Amino acid sequence: QVQLVESGGGLVQPGGSLRLSCVASGFTLDYYAIGWFRQVPGKEREGLSSIRYSSGSTYYAESVKGRFTISRDNAKNTVYLQMNSLKPEDTAVYYCAALKGYFGGSFLMRPSNYDYWGQGTQVTVSS
(Lines give C-alpha, C1' and ligand atoms only; values in the text may rest on other atoms or scores of the structure.)
Protein backbone atom coordinates (compact mmCIF):
# COMPACT_ATOMS: atom_id res chain seq x y z
CA GLN A 1 0.00 0.00 0.00
CA VAL A 2 1.45 3.31 -1.10
CA GLN A 3 1.58 5.81 1.70
CA LEU A 4 3.16 9.19 2.36
CA VAL A 5 3.27 10.58 5.88
CA GLU A 6 4.30 14.15 6.68
CA SER A 7 5.50 15.34 10.04
CA GLY A 8 7.39 18.23 11.59
CA GLY A 9 4.81 20.98 11.41
CA GLY A 10 3.96 23.20 14.33
CA LEU A 11 3.94 26.73 15.67
CA VAL A 12 7.04 28.86 15.11
CA GLN A 13 7.83 32.54 15.49
CA PRO A 14 8.59 34.72 12.48
CA GLY A 15 12.20 34.25 11.46
CA GLY A 16 12.28 30.75 12.87
CA SER A 17 12.85 27.40 11.20
CA LEU A 18 11.13 24.06 10.82
CA ARG A 19 12.05 20.84 9.07
CA LEU A 20 9.26 18.83 7.54
CA SER A 21 9.64 15.13 6.80
CA CYS A 22 7.85 13.00 4.23
CA VAL A 23 8.24 9.27 4.78
CA ALA A 24 7.25 6.97 1.93
CA SER A 25 6.14 3.39 2.44
CA GLY A 26 4.82 0.72 0.15
CA PHE A 27 7.11 1.74 -2.68
CA THR A 28 10.67 2.88 -3.28
CA LEU A 29 11.26 6.41 -4.38
CA ASP A 30 13.94 5.66 -6.96
CA TYR A 31 11.64 6.22 -9.94
CA TYR A 32 9.64 9.06 -8.45
CA ALA A 33 9.73 12.76 -7.96
CA ILE A 34 8.60 14.16 -4.63
CA GLY A 35 7.03 17.56 -4.32
CA TRP A 36 6.14 19.79 -1.41
CA PHE A 37 3.00 21.89 -1.59
CA ARG A 38 0.99 24.08 0.72
CA GLN A 39 -2.56 25.27 0.91
CA VAL A 40 -4.45 27.88 2.87
CA PRO A 41 -8.25 27.93 3.08
CA GLY A 42 -9.84 29.48 0.05
CA LYS A 43 -6.72 29.31 -2.09
CA GLU A 44 -5.32 26.82 -4.56
CA ARG A 45 -2.64 24.40 -3.54
CA GLU A 46 0.76 25.96 -4.24
CA GLY A 47 3.84 24.13 -5.46
CA LEU A 48 6.92 24.94 -3.37
CA SER A 49 9.69 22.55 -4.24
CA SER A 50 10.35 19.21 -5.84
CA ILE A 51 13.16 16.70 -6.12
CA ARG A 52 13.82 13.96 -8.63
CA TYR A 53 14.70 11.16 -6.26
CA SER A 54 17.16 9.26 -8.44
CA SER A 55 19.19 12.25 -9.61
CA GLY A 56 18.67 14.63 -6.72
CA SER A 57 17.74 17.47 -9.07
CA THR A 58 15.77 20.11 -7.20
CA TYR A 59 13.33 22.85 -8.13
CA TYR A 60 11.92 25.76 -6.14
CA ALA A 61 9.14 28.27 -6.44
CA GLU A 62 10.31 31.87 -6.41
CA SER A 63 8.37 32.48 -3.20
CA VAL A 64 10.61 30.10 -1.23
CA LYS A 65 13.88 30.11 -3.15
CA GLY A 66 16.76 30.85 -0.81
CA ARG A 67 14.68 30.08 2.31
CA PHE A 68 13.54 26.49 1.78
CA THR A 69 15.73 23.50 0.96
CA ILE A 70 14.53 20.10 -0.20
CA SER A 71 16.65 17.01 0.38
CA ARG A 72 16.37 13.25 0.55
CA ASP A 73 17.64 10.35 2.62
CA ASN A 74 17.77 7.25 0.46
CA ALA A 75 18.25 4.87 3.36
CA LYS A 76 15.15 6.18 5.10
CA ASN A 77 12.98 6.60 1.99
CA THR A 78 12.37 10.11 3.25
CA VAL A 79 12.29 13.61 1.77
CA TYR A 80 12.78 16.71 3.89
CA LEU A 81 11.84 20.34 3.52
CA GLN A 82 14.02 22.63 5.60
CA MET A 83 12.25 25.94 6.05
CA ASN A 84 14.20 28.95 7.31
CA SER A 85 13.36 32.62 7.81
CA LEU A 86 9.70 31.74 8.11
CA LYS A 87 7.10 34.46 7.63
CA PRO A 88 3.48 34.70 8.74
CA GLU A 89 2.44 34.24 5.12
CA ASP A 90 4.06 30.79 5.18
CA THR A 91 1.24 29.65 7.45
CA ALA A 92 -0.56 26.79 5.69
CA VAL A 93 -1.09 23.06 5.60
CA TYR A 94 1.94 21.49 3.97
CA TYR A 95 1.68 18.36 1.85
CA CYS A 96 4.13 16.06 0.14
CA ALA A 97 3.24 14.15 -2.99
CA ALA A 98 4.82 11.54 -5.26
CA LEU A 99 4.87 11.31 -9.04
CA LYS A 100 6.32 8.39 -10.94
CA GLY A 101 8.41 9.22 -13.96
CA TYR A 102 10.85 11.77 -15.29
CA PHE A 103 9.48 15.27 -15.82
CA GLY A 104 10.68 18.83 -16.06
CA GLY A 105 10.70 21.36 -13.27
CA SER A 106 7.57 23.28 -14.25
CA PHE A 107 5.61 20.03 -14.57
CA LEU A 108 6.74 18.98 -11.11
CA MET A 109 5.39 22.17 -9.54
CA ARG A 110 1.78 21.48 -10.56
CA PRO A 111 -0.20 19.60 -7.88
CA SER A 112 -2.65 18.12 -10.39
CA ASN A 113 0.18 16.06 -11.90
CA TYR A 114 0.89 14.03 -8.77
CA ASP A 115 -0.28 10.50 -8.09
CA TYR A 116 -0.02 10.10 -4.32
CA TRP A 117 -0.50 12.52 -1.44
CA GLY A 118 0.13 12.64 2.25
CA GLN A 119 -2.40 13.86 4.80
CA GLY A 120 -0.68 17.19 5.42
CA THR A 121 0.92 18.89 8.40
CA GLN A 122 -0.01 22.31 9.76
CA VAL A 123 2.61 25.05 9.88
CA THR A 124 1.73 28.23 11.75
CA VAL A 125 4.09 31.19 11.82
CA SER A 126 3.04 33.66 14.45
CA SER A 127 4.40 35.67 17.34
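**A walk around strand 8**

Hi everyone. Let's start at a hairpin: strand 7 and strand 8 form one, with four residues between them. In that turn, Asn-77 has a positive phi of about 50°. Please keep in mind that this is a predicted model.

Now, how do the two arms of the hairpin pair? Strand 7 and strand 8 are antiparallel, with six bridges. For one example, look at Thr-69, whose bridge partner in strand 8 is Gln-82.

Strand 8 also pairs with strand 3, again running antiparallel, and six bridges join them. Find Gln-82 in strand 8 once more, and you'll see Arg-19 standing opposite.

So is strand 8 largely enclosed or not? Five of its six residues are buried, so the rest of the structure largely encloses strand 8.

That brings us to the inside. The largest nonpolar core has 29 residues, and the ones touching the most other members are Leu-29, Trp-36, Phe-68, Val-79, Leu-81, Met-83 and Tyr-94. Which elements give two or more residues to this core? They are strands 3, 4, 5, 7, 8, 9 and 11. As general background, nonpolar side chains in soluble globular proteins tend to be buried together.

Let's zoom in on Val-79. Leaving aside residues up to four places away in sequence, Val-79 touches Leu-20, Ser-21, Cys-22, Leu-29, Ile-34, Trp-36, Ile-51, Tyr-53, Ile-70, Ser-71 and Arg-72.

Last stop: apart from the largest core lies another one, made of six residues, including Phe-37, Leu-99, Leu-108 and Tyr-114. Thanks for listening!

Key:
Residues are numbered from 1 along each chain as its sequence is written. This is a predicted model: local features need pLDDT of at least 70, side-chain atom pairs count only at pLDDT 80 or more; totals for chains, interfaces and linings use all residues. Side-chain values use heavy atoms; hydrogens and water are left out. A nonpolar core is a set of buried Ala, Val, Leu, Ile, Met, Phe, Trp, Tyr and Cys residues joined through side-chain atoms within 4.5 Å. Buried means under 20% relative accessible area, exposed over 50%, partly exposed in between (1.4 Å probe, protein chains only). Contact means heavy atoms within 4.5 Å. Two strands pair if DSSP finds at least two bridges between them.
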